[in-house]
Structure formats: C-alpha cells, structure tokens
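Let's take a walk through a protein model together. Have the 3D view ready, and turn it as you read.

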Amino acid sequence: MGLLSRGRSLWRVLRRRTDFEWEMEEEFRFHVERRAEDLEATGLTPLEALRRARLEFGSKERHKASGREARGLRPFEELRIEARYAARSLGRSPGFTVAAVLLLALGVGVNSAAFSVLSANLLRPLPFPDAGSLVVVHQVRTSPGSDPVPLRWSYPQFEALRSELSTLGGLAAYYADDVNLAGGAGGPARVRAEMVSASYLSLLGVRPAPGRSFAPPEDSVPGAHPVVILGHDLWLGHFGADPGIVGAGIELNEVMLTVIGVAPPGFRGLTSEADLWFPQAMAPEVSFPDQLTSSQLFHSVVGRLAPGVTVEEARAEMATVGAAAAAGVRGTVEPAGGEVWSASLLPLDEARRDATALRAQLVLAGAAALVLLMALVNLSGLLLARATARAREAAVRAALGAGRFRLLRHGAVEGGLLGIAGGAIGLLLALWSTRALVALAPEHLGGAPPRFAMLASFAEPSMDWRVAGFAVTLSLAAGALAGVIPALRAAPGDLGRALRAGARGSSLGVGSLRRPTVLSATAIAQVALALVLLMGAGLLLQGFQRLRSLDPGFDPSGVVTFRISPAYPEFQGSAAAPLLERVLEQIEAVPGVRSASVSLCTPYTRCSSTPLYMDGRTGAGQPPIVGRHYVGPDHFRVLGIPLLHGRALTPDDRAGRPRVAVINETAARRFWPGANPIGERVRFGGGGGFASPDSLTEIVGVVGDVRYGFPGEPHWPDFYTSYLQFTWPYTTVLVRAAGDPSALVPALRAAVLEVNPNLPIYDVRTMRERAAEAVAGERAAVLALTTFAALGLLLAGLGVYGIMAYTVAQRRREIGIRLALGATPAAVRRFILTQGATLTVAGLAIGAAASLGLARVLTALMADVGATGPWVAPAVVGLLLVIALFACYLPARSATRVDPVETLAVD
Amino acid sequence: MTDRAELLPGTLDVLILKTVSLGKLHGYGVLLRLEQISGGALQVQQGALYPALYRLEHQGLIESEWGTSANNRRAKYYRLTAAGRRRLGEEAASWNRLASAVALVLSARPGEV
C-alpha cells in the first residue's frame, strides 16, 4: 500500500517537475505572507513584518530541497548532478569523447542490425490476429532410409479433410501461380495470383476495403462465380487507385472476372507475393483445368485451431483421421513399396522459419557481438587511461569523502552518457545497415522458408520498438560497464600513491612482461579479437571464391532470358508447340540476335525432374529421378554447352517423329558406365499429363554437365528433349545476342507481342545476373563478415596506437633517464617497439588458439566453408602484425623526441 | 505563557494528521491550529513542517488541492484520505496506550510495587 502510493506520487512529481517546483514556491510564498500579516497585526510595519517572517521561515532553497527529498526525488537529483558533472568533464576532453561515442555507436549499431534480423525471424509475431492458433497442415511421406518429406495436398484430399476434421475450426487451401492480366492502365502484365478457398481471407483476419471478402458459395461450383479481389499495390499501381474498381471487370488469362474488393495495404497473402486472389472454383478456367480434380499435390492448406484445442490434439487427429481421409482419395499417386504416408501439422509461426537462414543469422550476430566486445575493450582502455590521468582528481574526491560506491557511480554515469550519445548514432547506423543487409540478400537474412508450404517467412528486418529498445538498453549497459570497469580498478590505496607527484616505474602504462597491467591486457584482447574476426572473414572469403570459380559448364556472357506463359486452357499440351515455334522465329529475326532457344529451367534454377525408366532394367526400388529440360534445337549453341558425342537436337525432332533425347555426362556415366549410351532407349514417367509413359525416347547425343542447381551441389543426370516433342506451354526463352543482351529487350518484347498481343514477357534477366543471384546469400554473408573484420582491424590498430601512445606519455621520465644515460634514439625506438611487439604476439597467440575453435564452429554452421587453404592463416597473422607494429611506430618515434633535460627537471 | 512541550520526532506526523482531520487546511493553517489547540504548548519548527506534509502526501495519507484562501490568495490545502484516517486511528490508539502506561508507571508510589 505504502509502496504503491509512493510510486504513484513519485511518478506524478516526475511527470510535472516544473509544476512541482513552482507549486512549492507558491506555497512557501503564501506561508511567509500570511505570517507577515499576522506579525503586522501585532504592530510591526509591513516591511518589518515581511522581513521577520522571512527570517523565521528560513532558506526557501533548503525547504525546497527537503521537499524534493520527501517526495523521493533524491536519487534523481543526485543523478542529475552527476550527469551534469560528467557532461562537463567529457566536454573538456572533446577528442576522447568523440572517439568514445564513435566506438559505442559502432558496437551498438552493428549489434542492433544483427538483432533486428534475428528479432524479425524469432521475436516478431505474424501480422495476423491471433496468429498463435494458425497452423499449416501437410502430408508426410517417409521412404525407408530417408527423412520424412512434407508434402502438400490434392484438392480432393483437401475436401475430404475439410469434412472430416473437428479439431481445426477452419481450413483453407491456397495455391499460387502467375497469370496474365489484361485491363487497367498498364498494358498486359504478368501477376502473381493466389487461388484460395472462400474462407482464406477471413481465416487470416483480413478484411478487404473497399469491397468485401469471398462468400462461401463462391468457392462451391467451378466456374459459377467469376470474382476476384485485388491487392492494394496492384490497385494503386495498375489501376490508378480507381475508386470505382468494385464491380469493374478484368481479364485473367483471357477469362473475365469481376472485382469484388481490394485487400488492405501490406497484405500479400501467405506467400507474400500475391497481387490478387480468386476462388479455387475459378482455377479450372483461369489456370489448370484439372486443378480441382487432379491427384497431384498442389495445394497448401492452412487452418485455425478450434477454441480450446491444443496443437498436440490437432496433430493427433491429423495423424489418424487426416491421414485416413487423404488416403481414401489418393487417386493415381500410389505409395511405392516401403513408403509410409501420414499427415501432420505445424504452427504457422514455426512453418515460416528456415533453419539454415537462422544459422547464418546467428553467425552474423556472433560476429557483431565480437565487434561490440572489441569496441568495449577499446573504450575501456581509453577510459582507463583517462582515469589514471585524472587519478589526482579522483584522489581528491575520495579524500573529501566519496566512498567506493560514489566513484563507481561516477564512472557508470560518465559511461552511461557516452552510451546514450553513442546509442543515438548507433541506432541511425543500425537503420542504414539493416536496409543494406536486406538489399544484399533478402532471402538469407529474412529467411527462405521451406518451399513445400509455399509460405513466406514474414521476417523482413525492420526498425520497431523491440530493436529500438534493444539499442537503448545495450548502449546504456555497454556505456555504464565500460565506465565502471576502470573505476573498479582504482582502489583507494592507489589514490594515495597517485596524489604524490611523479609516480614511477614499470607499473605505468602497459607495464612489463612480468607485470602486465590492465591496459596491456586490453591491448592483447583487442589483437586477439581482431585475429578471430579476420580468420572468420578469411575462411568465408575463401569458401566464396571456391564457389565462384566452379565451372558452370556453359558460357553466361551475352545471354538474356525471360519467361512467357501462354494462357493455359487455350494453349495446353502440344497446342503450345506451334506458338513457341513462331515466337522463336520472330525472335531470331530480331537484328542482333545470334540464336535463341526455350527451356523450362535455366541454369542455377533446378525446376523440373521426372522419373526415368530404362528398357530392360526393371530392378527393385524406385526409378531414378533425373533432371528434365524441354529445349529448342539451338539450345546448346545459345548457352555454349559443348557437345561431346553424337548429335544435338534439330528442328526435325518434332511431333510425329521418333522421340529423341540428349543427355549430359553425368547421366551417361551414371546409367551407362563404360558403354556408349547413344542408341539406348528410355521412358519418362509422371509430369503433367502429356508426357505419355508409353513413348520410347532414344538417346542421340551427350553434352557437357551444366550447373542447374546451387553452386557446390553435385551435378544431376540431365535429359534434354525437344520442346516440339514434349511441350510445356510456359517456358523460359534464352537469347544469345551479338552485343549487349539487355539492349535487345524492347525488341524482343515487341517480337513476342507480334505473335500474340496478350502475351507479356516477364522475369527478364541476363544470365550473368542469374549467376550472381545464385550466390547472393553467400556474398552477403562474406561482405558482412569482411566488413566486421575490417572494422575489427581498425579498432585493434587504433587501440594499440592509443595504448602505446599513452604508455610513452606515462613513462617519459624513464625514457628521459635512458636517453640521459646514453641510449641512442634507435635503442629507445626499439625499446618501445619491443613492448608493442610483445603485446601483439601475445594477442596473436591467444587469437590463434581461439580461431581454431572458430573454424570448427563455422564449418558446422555453414556447410560450404570447407578446409582452410594454406594462405589464410599466415596472411591474416601477417596483416595484423604489420598493422600493430605500424601502430606502435608513431609512439616509438615520439619517444625518441623526449627531451631528457625537460623530463628530469620536472620532478 | 504556558510551557512549551518538546515535540518527539515522529509525533509531528500524527499531529498533522489530526489537525487536518478536523477540516482541510493549508500549511500555515496547520501551524496555527496546532498552536491553538495545544494552547500554545506545541510550536512546530518551520523547517520541519513542509517536509512532514510532503512526506505524508507521498505516503498517501493526505492529499492536496489548490484553492483560494480567506483573502483571495491561492493556497494549497491538505485533506485527510481514507488511508490517513485509518493511520490516524491506529497511531492515536497506540499513543494513548503508551501515554497511559507511562502515566501509570510514573504514578507508582513506593510501597505499591
């Protein structure tokens, strides 16, 4: 009771400090005046009465002070005084203050950036109301000898789930794909659509404005309700924020749909890429005709736990009821031998996170922490040097009665002030660097979630209250800590000694090897930390170089790529072949084009695979999965892939002719080791309903391996077939240009529109750009760590310089004596350099030991680091040694300029 | 002129509470009222009054508000809170107990023990 009212009262006073002071003034004045009146009544003159009353009352200031104390303001008052004093003394040494603030800003800024990345991934909740009860439901396939694989659902399975499950209070299926949009201000455009159940938006708590969400009947009968909801950005950008958009008609893949609403700003669906949404019931018309009947596992399913149901209960029901419902409508996707199918669920919050990205983020955070440590050590050294220089002042304070606590508090307040200033700058630094980090590699730092769920990570780093709070707390704590440590050191006994003039000997500055001081410890620590950071950066850099130098197997220069997707229902299966042929003809007619081809996937993006059946080789177990490429006849020429045996594909390999395929080296070696694969026959399975399993394909050629996966992954066996024989209507067009490939893009776009005016080209990128993207994550990590290492090197150099300079200053007497006794300047220089070198070597030794541990940690965390090459360690050690010695050189030189007469005379 | 009594530390608080309980008062009024009621025996040190008032307000036993005095000047008036009333009762009871106990001891005559 007492504490609560005391707290409330204190809070009230703190909030209105000036009012409080003014009120006291008023109250006291009233008191004095009333007393004066009473005194007047006893016969004194007004002037006399006032004087007497004032005298009686006593000092107003003293009353005010006791008043403040009575209201609990004492600690704040004392803090205010301390802060003012600290600010004044900091102002007297501006050089030191600026250096200290910058050090803190660096440490806080870098760590706030790392924290913002981690916080976005781990701490920030999903942007949906009551997101804790949202779950992602998936199937699980366990093959003997491998890990369980999560998979999505077919639509019939989803419908079975919806009717059977009771622990989930709402289920919605969604699937995302690109569609051609016509209508609105811009020309035809390629947009991302999510095909969703009617309950999708309400499940996520999203309300369209203007307009409305889908109603349940709109998802029931296929094709009956052609409605669509636009995304906010699309409405702004493509439709000019038309206020009459609700009720307007747009065309998706040449199907007319009515706009019924616009989603709120910031919502891009669970894939975080959606530009618009339409009901699953419209998918057969707009997108795939068999979207709702196929047994292929397209659909992601999200649900909400029924009130009072726990995740475990729901999971248990999924494993039994859910799995059974799914099995009942499995259709053509039969479990092969030994496979076990089940079903499970994950909270949405977990499903969106990516473990590998988390590891990269932790490495980043670790490096940032190291930088902070270095900055703090550096700052501590600076403060220590300053404290020792002001030892007399501290001794006087102690003599006047300041206890240990007061001295510590003074140190903490000084450090805290530095921390606040440093933190403010550091926050700005964090803002800027977070944006830079995200721009470099959004996937790796924002996290790329498991692809099976078609789920975004919702982890884009941003500056929110969590990050700001972290920055403030860290800067205050770091500053206070850095300030307290030197104060801890100064035991009262030392102060007595310090009061006497001319403290001497090797206990000054960095001391000697036999009696190292705290200052020398900070120098050693900085060198060690810098070494660790540099080693880490060196390892990553080496790994990155290795990645980049891997031969891609083709020539990426001069090639530009873009994608096209003819409207599916019209151009399905082999009907797309003539269209693609015309597109290729038009493109090859564009001046500046050397050759052109199509392919479903480009290098660095593995997107297509099929099971392979070889005649005469039945054998037990699963058929091998091979990479599959649906290419044009000029494909190998466009990409510069060397033909090793046999022949390439030709325009004659078309529908109606015998089916042929060209394979890569890995395939030849894997399936026909030591024999000639040319003339062998294979069949392909699966794949979209138009690669019929009973058409034999003959191998006619072998080409070199090409990197289709992630750099560093082993090559897959790849099978190239002519797009005229096996056709996908949507494909990538690859164009080799005579000159600069990006200059051709407008002409290429026009050429495609000539063939079909509703056919936009999208995802336009040169091959070089794709190559750079493939390693973007690695590059970002390397860049970040190298920056940290460079910072660490700078800090270590500055730290060593500062400490050595201070040592020289402290030991002027000793140097003067040496010079007077006949030491040459060179000897003095050597003396100082030796001191510095000893420190550096000690630091290097400790750092080297720590680096061994680091190498192990890094290899565990980032798979592609690998073994160290021989040059990393010596190069790093050498670099540090050179920098440290250079940092010692200047103080050594100034040591030789000490005038012995001057220093000896001072005493 | 009656004799002045020494004010024991700590009793000022309970005396203020009592004075204020008789009706809201400003600081100077508390001084006057105390002198009045005690017949001049109790005179509060000027330096002790306001810290005591602020302390009591801090503890939530009295509350203040600004008002106008008899001659139209702004003054801060203090009033007892419910908690203050409770505390006053407790303190008064314990004081009375103490006082009677002391009086009892002091009035013991030789031979009665």
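We'll begin with the overall build of one chain, move on to its salt bridges and its contact with a partner chain, and end with a few backbone details.

Before anything else, keep in mind that this is a predicted model. Chain A is built from 29 helices and 21 strands. Of its 907 residues, 50% are buried. The outside of chain A adds up to about 39,900 Å², and carbon and sulfur atoms supply 61% of that area. What about contacts between parts of the chain that are far apart in sequence? Take the contacts in chain A with a separation of 6 or more: 81% of them are between residues 24 or more positions apart.

For a single example, look up D634(A). This residue sits in the loop between strand 14 (625-631) and helix 21 (635-639) of chain A. Is D634(A) buried or exposed? It has a relative accessible area of 16%, and the cut-off for buried is under 20%, so D634(A) counts as buried. Leaving aside residues up to four places away in sequence, D634(A) touches E588(A), S595(A), A596(A) and S597(A).

Now for the charged side chains. Over all chains, the structure holds 39 salt bridges. One of them brings together the side chains of K60(A) and E25(A), with 3.1 Å from N to O. This pair links distant parts of the chain: K60(A) belongs to helix 4 (residues 60-70) and E25(A) to helix 2 (residues 17-41), and the two are 35 residues apart. Both partners are partly exposed, K60(A) with a relative accessible area of 31% and E25(A) with 23%.

Other salt bridges stay inside one helix. The side chains of R34(A) and E37(A) meet at 3.9 Å, N to O. Why are these two separated by about one helical turn? It's because R34(A) and E37(A) are three residues apart in helix 2 of chain A. R34(A) counts as buried at 18% relative accessibility, while E37(A) is partly exposed at 27%.

You'll find a similar arrangement in helix 5 (residues 74-92) of chain A, where E77(A) and R80(A) are three residues apart, about one turn of the helix. They form a salt bridge too, and their closest N and O atoms are 3.2 Å apart. Here E77(A) is buried, at 14% relative accessibility, and R80(A) is partly exposed, at 45%. This pair also belongs to a network of salt bridges that links R17(A), E21(A), R68(A), E77(A) and R80(A).

Next, swing the view round to where chain A meets chain B. The size of an interface is often given as the accessible area lost when the parts come together. For chain A and chain B, that comes to about 2,400 Å² buried between them, with 55% of it on carbon and sulfur atoms. Which three residues of chain A supply more of its buried area than any other three? They are E27(A), F30(A) and H31(A), which supply 28% of the area that chain A buries against chain B.

The contact takes 26 residues from chain A and 25 residues from chain B. Nine residue pairs are in polar contact between the two chains. On the chain A side, helix 1 (2-15), helix 2, helix 3 (46-57) and helix 4 each supply at least two residues. Helix 2 gives the largest share, with 13 residues. Sorted by class, this side of chain A has eight nonpolar, seven polar and eleven charged residues. Three salt bridges cross the interface. We've already met E37(A) as a partner of R34(A), and E37(A) also forms a salt bridge with R73(B), where the closest N and O atoms are 2.4 Å apart.

Last stop: the backbone. A cis peptide bond joins A209(A) and P210(A), with omega at about 0°. P210(A) lies in the loop between helix 8 (200-203) and strand 5 (227-230) of chain A. D130(A) has a positive phi of about 55° although it is not a glycine, and its place is the loop between helix 6 (94-123) and strand 1 (134-142). With a relative accessible area of 57%, D130(A) is exposed. A241(A) is another non-glycine residue with a positive phi, near 50°. Look for A241(A) in the loop between helix 9 (232-239) and strand 6 (249-252), where it counts as partly exposed at 27% relative accessibility.

Methods: Residues are numbered from 1 along each chain as its sequence is written. Chains are lettered from A and ligands numbered from 1 in the order in which they are written. This is a predicted model: local features need pLDDT of at least 70, side-chain atom pairs count only at pLDDT 80 or more; totals for chains, interfaces and linings use all residues. Side-chain values use heavy atoms; hydrogens and water are left out. Helices (H or I, at least four residues) and strands (E, at least two) are DSSP runs, numbered from the N terminus. Buried means under 20% relative accessible area, exposed over 50%, partly exposed in between (1.4 Å probe, protein chains only). Contact means heavy atoms within 4.5 Å. Accessible areas come from the Shrake-Rupley method with a 1.4 Å probe; for residues, only the protein chains shown count as cover. A salt bridge is a side-chain nitrogen of Lys or Arg within 4 Å of a carboxyl oxygen of Asp or Glu. Buried area is the accessible area (1.4 Å probe) that two parts lose on being put together, summed over both. A polar contact is a pair of N or O atoms within 3.5 Å; within protein, one must be able to donate a hydrogen and the other to accept it, and residues adjacent in sequence count only if both atoms are side-chain atoms. Ala, Val, Leu, Ile, Met, Phe, Trp, Tyr, Cys and Pro count as nonpolar, Asp, Glu, Lys and Arg as charged, and the others, Gly among them, as polar.
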